[in-house]
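Work through the exercises below with the model open beside you. Try each task before reading its solution.

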Amino acid sequence: MARFVLRRLLTLIPFLFLISIVSFAVIQLPPGDFVDTYVRNLEVQGGTVNQGQRAAIEAQYGLEKPMYVQYGIWIDHVAHGDFGNSFLYDRPVGDILKERVPRTVGIALAAMLLTWLIAVPIGIYSALRQYSIWDHLFTFISFVGLAVPGFLLALVLMYVVYEKTGWLVTGMFSPEYRAAPWSVAKFVDMLKNLWLPLLVLSVTSAAGVIRVLRASLLDEVKKQYVTTARSKGMPEWKLVLRYPVRIAINPLISTIGWMLPALVGGEVVVSKVLNIPTTGPVLLEAILAQDMYLTGALVMILSTLTVIGTLASDVLLAVVDPRIRYE
């Protein structure tokens, strides 16, 4: 196992290097660059930019150089821990990442944990009570969760909360705590504001998890080893949790690789709607402004989360399922 983990860690370096090349190339695909967006916004406001000023801006950000030269400069700085300077925010990209990424990862991990707490018991119960009224109800709710976009659910819940309590859910903190130092009161205020985005993200993710676990568990409970264990008088709850659930949960563990970045990516619109200061709104604004350094850094982070999640999935599968062995 240790050798497998070490080998996977060593493959991360060339893999992330290839991802950085593809990411930087994709960012360059849309026509124009940051200067075009900057000039267009300035002209909308009634300003003008002559060719000399435009050339000076391009030289300032190195945009007049070929794409491979720009990539070389960028990846060299990234290798030394410098992600460059954001054109849009006129701040070091590293400062923006330090401010936004921990919040985003924390929310994504909390949403994943809440997703499993909701989905696993429901999926097990639906499989063990197939075609019951509760199974039909949970199936209907799952399909609704799969069909309803996260931003729409966020808007509906915001409206319901405001109508019932008069409290408008917006932002990560209440106005009086945004500039205040960390304290117990500020932490409680954060929990009071974060429950809605966590609920939206977990409900929309739990729908798919419920369907996968139900289908997997239905296949396992009909197998011979379950019948044999039941014939020996083993209690039903102990039998289900000890044998078929351990096998049926494998597909869920294997989805951690894409579930974590999916939650981070899925919170883009939700965070925009709820005004949560995470990487989602920053990524959206950076793409619209063609801020290639900030966009490239965020894409690299999402890719890294995917790789780390996949590694975690492989390790957890080997721990949970004794049939899996890595030589």
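**Exercise 1: a buried aspartate**

Asp-189 counts as buried because its relative accessibility is 4%, where buried means under 20% relative accessible area, exposed over 50% and partly exposed in between (1.4 Å probe, protein chains only). The model is predicted: local features need pLDDT of at least 70, side-chain atom pairs count only at pLDDT 80 or more, and totals for chains, interfaces and linings use all residues. Residues are numbered from 1 along each chain as its sequence is written, and side-chain values use heavy atoms, with hydrogens and water left out.

Task: place Asp-189 in its helix and list its contacts, leaving aside neighbours within four places in sequence.

Solution.
- Step 1. Asp-189 belongs to helix H8, residues 184–221. Helices (H or I, at least four residues) are DSSP runs, numbered from the N terminus.
- Step 2. Contact means heavy atoms within 4.5 Å. Beyond the excluded neighbours, Asp-189 touches Met-172, Phe-173, Ser-174 and Tyr-177.

**Exercise 2: salt bridges**

Task: find salt bridges and classify the exposure of their partners.

Solution.
- Step 1. Apply the criterion: a side-chain nitrogen of Lys or Arg within 4 Å of a carboxyl oxygen of Asp or Glu. The whole structure yields 6 salt bridges.
- Step 2. Take Glu-220 and Lys-223, paired at 3.0 Å, N to O. Glu-220 is buried because its relative accessible area is 9%. Lys-223, at 38%, is partly exposed.
- Step 3. Take Glu-236 and Arg-230, whose closest N and O atoms are 3.1 Å apart. Glu-236 is partly exposed at 39%, and Arg-230 is partly exposed at 37%.
- Step 4. Take Glu-99 and Arg-91, which meet at 3.5 Å, N to O. A network of salt bridges links Arg-91, Glu-99 and Arg-100.

**Exercise 3: the largest nonpolar core**

Task: identify the residues of the largest nonpolar core that touch the most other members, then the helix with the largest share.

Solution.
- Step 1. Define the set: buried Ala, Val, Leu, Ile, Met, Phe, Trp, Tyr and Cys residues joined through side-chain atoms within 4.5 Å.
- Step 2. The largest such core has 29 residues; Trp-74, Val-93, Leu-97, Met-292, Tyr-293, Leu-294 and Leu-298 touch the most other members.
- Step 3. Helices H1, H2, H4, H5, H14 and H15 each supply at least two residues. The largest share, 7 residues, comes from H15.
- Step 4. Inspect Met-292. Outside its neighbours within four places in sequence, its contacts include Phe-24, Ile-27, Leu-63 and Phe-87.
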